[in-house]
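Here are a few exercises to work through with the model open beside you. Try each task before reading its solution.

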Amino acid sequence: MGTVTKVGITLGDPAGIGPEIVAATLAAAPVEWRERCVVYGDREPLERGARAIGVTLPELTIVGDGTGARANPGQPDDASGAAQVGYLEATIAAAQRGEVAAIVTAPISKTWAKRAGFAFPGHTEMLAARLGARDVVMMFAGPRLKVALATVHVPLAKVAETLTTAGLRRTIELLAESLVRDFAIAAPRIGVVGLNPHAGEGGLLGTEDRDVIAPALSALAPATLAGPLVPDAAFRDALHGRYDALVAIYHDQGLIPVKLVDFDEAVNVTLGLPIVRTSPDHGTAYDIAGKGIARSISMQRALSLAHDMIERRR
């Protein structure tokens, strides 16, 4: 049971909408939540973000070295790229020291982060490497859909060769564990979506559903598993309450329905880490950065879920 309850919030790319959505989220948060938060980022872009979105920045603990202080909204450059990587590194270091129980990450630009030496496909892979997690799962939790991904940043042409029974089974196990522990679902009903049309139609339309997915669906109490599910019906059935969560086989199979029905409110959750990690389900949105029109709902939900998960894990 954990005793640390601090939440580290990364500012993300200071040239994106991160400063605005972080400022809006913290301005709207209960005082007791804000007192548990530490923002890893530079004060200057955060204050500019608050002004742009029309909120008063509350009293906060802010940790930054000034790298992103001069970032211009919508104009990413090498300095903003280095800053966003530095914010994340500082937050992870705090987690390694046991100073934070959760990390809530505002969006980064993979392109500009890579130019700054970021050697990972995204947040998830970096957190796993830095925090020593062998297996992690990307999950999206919204008010209507909860979806975990069996494969993540994999080209569509390579999904079938990347998918393994053991890897899928581990995804299902981590999802089931989180649904019980973090979402208080005592006996979760998990549907596993097929890869091919009609879930392979008994091998006529592909063999992966029969040979790779089905063997991963042995009993896993207290969860109930179903699948491989026909992809074109699975998400409708989940929306109608048949399943508490789904496992999608590849990135867009899961993300298209989530963003269709839960775009503003879905939260990206990394399962399998020794700490809680959540984030909004959108990117840096350079095209609207600094204009004061960014919606902060997903970031607010990310912070709320992080607090809920900390409490349930204590």
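Domain bounds here come from an automatic or database domain assignment. Keep in mind that this is a predicted model.

**Exercise 1. Work out how the chain is divided into domains, and how many Å separate their centres.**

Start with the split: domain 1 takes 1–133 + 274–313, while domain 2 covers 135–272. Now take the centres over C-alpha atoms: domain 1 and domain 2 sit 27 Å apart.

**Exercise 2. Describe what domain 1 and domain 2 share: contacts, buried area and salt bridges.**

Step one is contacts, with heavy atoms within 4.5 Å as the cut-off. On that basis, 22 residues of domain 1 touch 21 residues of domain 2.

Step two is area. The two domains bury about 1900 Å² between them, and 52% of that lies on carbon and sulfur atoms. On the domain 1 side, T124, D281 and R312 lose the most area to domain 2, together making up 30% of what that side buries.

Step three is charge. You should count 3 salt bridges between domain 1 and domain 2. For a salt bridge to look at in the model, try the side chains of R301 and E265, which meet at 3.0 Å, N to O.

**Exercise 3. Is strand β5 (residues 137–141) enclosed or open, and which strands does β5 pair with?**

First, burial, which means under 20% relative accessible area. In β5, 5 of the 5 residues are buried, so the strand is largely enclosed by the rest of the structure. Next, sort the side chains by direction: V137, M139 and A141 point one way, M138 and F140 the other, and all are buried.

Then look at the neighbours. With strand β10 (residues 267–271), β5 pairs in the antiparallel sense over 5 bridges, and M139 stands opposite V269 there. With strand β6 (residues 146–149), the pairing is again antiparallel, over 3 bridges. Here F140 has V147 as its bridge partner. Finally, trace the connection: a hairpin of 4 residues joins β5 to β6.

**Exercise 4. Compare the reach of helix α8 (residues 165–181) with the expected value, then find which residues of α8 are buried.**

Length comes before burial. Helix α8 has 17 residues and spans 24 Å from its first C-alpha to its last, close to the 24 Å expected at 1.5 Å a residue.

For burial, you should end up with L168, R169, T171, I172, L174, L175, A176, S178 and L179. To read the spacing in that list, recall that an α-helix has 3.6 residues a turn, so residues three or four places apart point the same way.

Note on methods: Residues are numbered from 1 along each chain as its sequence is written. This is a predicted model: local features need pLDDT of at least 70, side-chain atom pairs count only at pLDDT 80 or more; totals for chains, interfaces and linings use all residues. Side-chain values use heavy atoms; hydrogens and water are left out. Helices (H or I, at least four residues) and strands (E, at least two) are DSSP runs, numbered from the N terminus. The expected span of a helix is 1.5 Å times one less than its number of residues. Buried means under 20% relative accessible area, exposed over 50%, partly exposed in between (1.4 Å probe, protein chains only). Two strands pair if DSSP finds at least two bridges between them. Buried area is the accessible area (1.4 Å probe) that two parts lose on being put together, summed over both. A salt bridge is a side-chain nitrogen of Lys or Arg within 4 Å of a carboxyl oxygen of Asp or Glu.
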